[in-house]
Amino acid sequence: MRIETIRHLHCTVVRASGELDHAGRVRFSACINAVWDWSEGPVLVFDLADLDFYDSSVIGVLAMAMQRMEEQRSGRIILVRPDGHLLSVLRLTDLLSRVELRGSVEETVAELMLEPGSAAAPARGSEAAAVRDHSP
């Protein structure tokens, strides 16, 4: 499994590809914990469209993040391009109502920049692009 994180001014994008199983769950959770404070809230944008395989571990990780956000009474989880199976599982586990769905990472980042309370036109370079690769 490969995990990439990209820090933007108003959110953190977490992209996962490959296979997310029980062994990958620990790494995926650790990654989320490592980037938790990168954005106000936090606002976590998950792009999981390139996962070739995932089991219930993905639900466990998302549920862990949702629980932490509830405890802190702050934060958002945005899923970009989720496949039909993931949507079905989220619906069955009653987690779908607790995430936001979007069509692309780029549009999501742009939308977040234009939300009330955020700077409409951040200074060049202020949208730090710290990319961390969490590959084995």
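This passage describes strand pairing, salt bridges and one loop residue in a predicted model.

The N-terminal strands come first. Strand β1 spans residues 2-7. Strand β2 covers residues 12-20. The two strands run antiparallel, and 6 bridges join them. Together they form a hairpin, with 4 residues between the strands. One of the pairings involves T5, whose bridge partner in β2 is V14.

Strand β2 also takes part in a salt bridge. The side chain of R15 meets that of D47, with an N to O distance of 3.2 Å. R15 belongs to β2, whereas D47 lies in strand β3, residues 43-54, so the salt bridge ties together parts that are 32 residues apart in sequence. The two partners differ in accessibility. R15 has a relative accessible area of 25% and is partly exposed. For D47 the relative accessible area is 4%, and because the cut-off for buried is under 20%, D47 counts as buried.

The wider set of charged pairs was then examined. Side chains of opposite charge can pair when their charged atoms come close. Across the whole structure, the search finds 9 salt bridges. Some of these are linked. A network of salt bridges connects R76, E100, R102, E111 and E115.

Two pairs within this network share R102. In one, E100 forms a salt bridge with R102, and the closest N and O atoms are 2.9 Å apart. In the other, the side chain of R102 meets that of E111, again in a salt bridge, at 2.9 Å from N to O. R102 is partly exposed, at 23% relative accessibility. E100 is likewise partly exposed, with a value of 22%. E111 has a relative accessibility of 33% and is also partly exposed.

Attention now turns to a loop. Helix α1 spans residues 22-35, and S39 lies in the loop between α1 and β3. S39 has a relative accessible area of 7%. Because buried means under 20%, S39 is classed as buried. Which residues is S39 in contact with, leaving aside its neighbours within four places in sequence? They are H10, C11 and T12. Of these contacts, T12 falls in strand β2, which covers residues 12-20. Strand β2 thus recurs in this account: it pairs with β1, and it holds R15, the partner of D47 in β3.

Conventions
Residues numbered from 1 in each chain as written. Predicted model: local features only at pLDDT ≥ 70, side-chain atom pairs only at ≥ 80, totals over all residues. Heavy atoms only, no water. Salt bridge = Lys/Arg side-chain N within 4 Å of Asp/Glu carboxyl O. Buried < 20%, exposed > 50% of the residue type's maximum accessible area, 1.4 Å probe, protein only. Contact = heavy atoms within 4.5 Å. Pairing = 2+ DSSP bridges.
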